[in-house]
Amino acid sequence: MDGFVGHVFPDDAHIAAIRKRIGELQSSSKKQPKSDTKTAAVKADPEAAQKAFMEGFTHHNNQKWDDAIASYKRAFELDNSLANAAYNLGLVYKAKGDLAGAKQAFIQALAIDPNMTKSHYMMAVLYNMQSE
């Protein structure tokens with residue numbers, strides 16, 4: 001625990017609110033059939049979403065935040081099952097200082113993959129940043 005001295009961790013109420021929001025997002029996404037998760041563009045070019053994701057990753061690594069945001073959003077629009085696109089979008093928003101945008105992106109990633117540990121971790125990091 002020595003490494004966590006001075007950090008604020010989410011309380012039970014905050015964790016419950018996050019779980020509730022994840023549940024809402026999951027239930028709203030379940031209303032759409034799985035076959036609708038990929039757009040016509042992806043059906044025409046199955047690699048389109050992955051290409052957009054990799055463009056976002058390249059822009060992200062080059063700290064071209066706005067280009068990274070556009071590419072990650074495009075990847076997610078093409079295939080909204082890409083939890084990593086939502087997660088990386090959250091990282092970019094955090095790097096830009098947009099904590100609300102980052103939180104929304106991490107929640108979106110968790111709605112797709114509730115076991116995505118790195119998104120849970122980043123939610124705790126954001127909570128800690130907002131508490132300081």
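**Exercise 1. The surface and the interior**

Task: State what area the protein chain exposes and what share of it carbon and sulfur atoms supply.

Solution. In this predicted model, the protein chain exposes about 8000 Å². Carbon and sulfur atoms supply 54% of that area. Turning to the interior, 36% of the 132 residues of the protein chain count as buried.

**Exercise 2. The fold along the sequence**

Task: Determine how many helices and strands the protein chain has, and describe the pattern read along the sequence.

Solution. The count gives 7 helices and 0 strands. Read along the sequence, the pattern is accordingly α-α-α-α-α-α-α. As for contacts in the protein chain between residues at least 6 apart in sequence, 55% join residues at least 24 apart.

**Exercise 3. The span of helix α7**

Task: Decide whether the end C-alpha atoms of helix α7 agree or disagree with the expected span.

Solution. Helix α7 covers residues 117–131, which makes 15 residues. The expected span is 1.5 Å times one less than the number of residues, so α7 should span 21 Å. Its end C-alpha atoms are 21 Å apart, and the two values therefore agree. Within α7, the buried residues are S119, M122, M123, V125, L126, Y127 and N128.

**Exercise 4. The setting of S71**

Task: Establish whether S71 is buried or exposed, and which residues are in contact with S71 beyond its neighbours within four places in sequence.

Solution. S71 belongs to helix α4, residues 65–78. Buried means under 20% relative accessible area. S71 has a relative accessible area of 3% and is therefore buried. Leaving aside neighbours within four places in sequence, S71 is in contact with A52, E55, G56 and H59.

Notes: Residues numbered from 1 in each chain as written. Predicted model: local features only at pLDDT ≥ 70, side-chain atom pairs only at ≥ 80, totals over all residues. Heavy atoms only, no water. Helix = DSSP H or I, 4+ residues; strand = E, 2+ residues; numbered from the N terminus. Buried < 20%, exposed > 50% of the residue type's maximum accessible area, 1.4 Å probe, protein only. Contact = heavy atoms within 4.5 Å. Areas by Shrake-Rupley, 256 points an atom, 1.4 Å probe, with all protein chains shown as cover.
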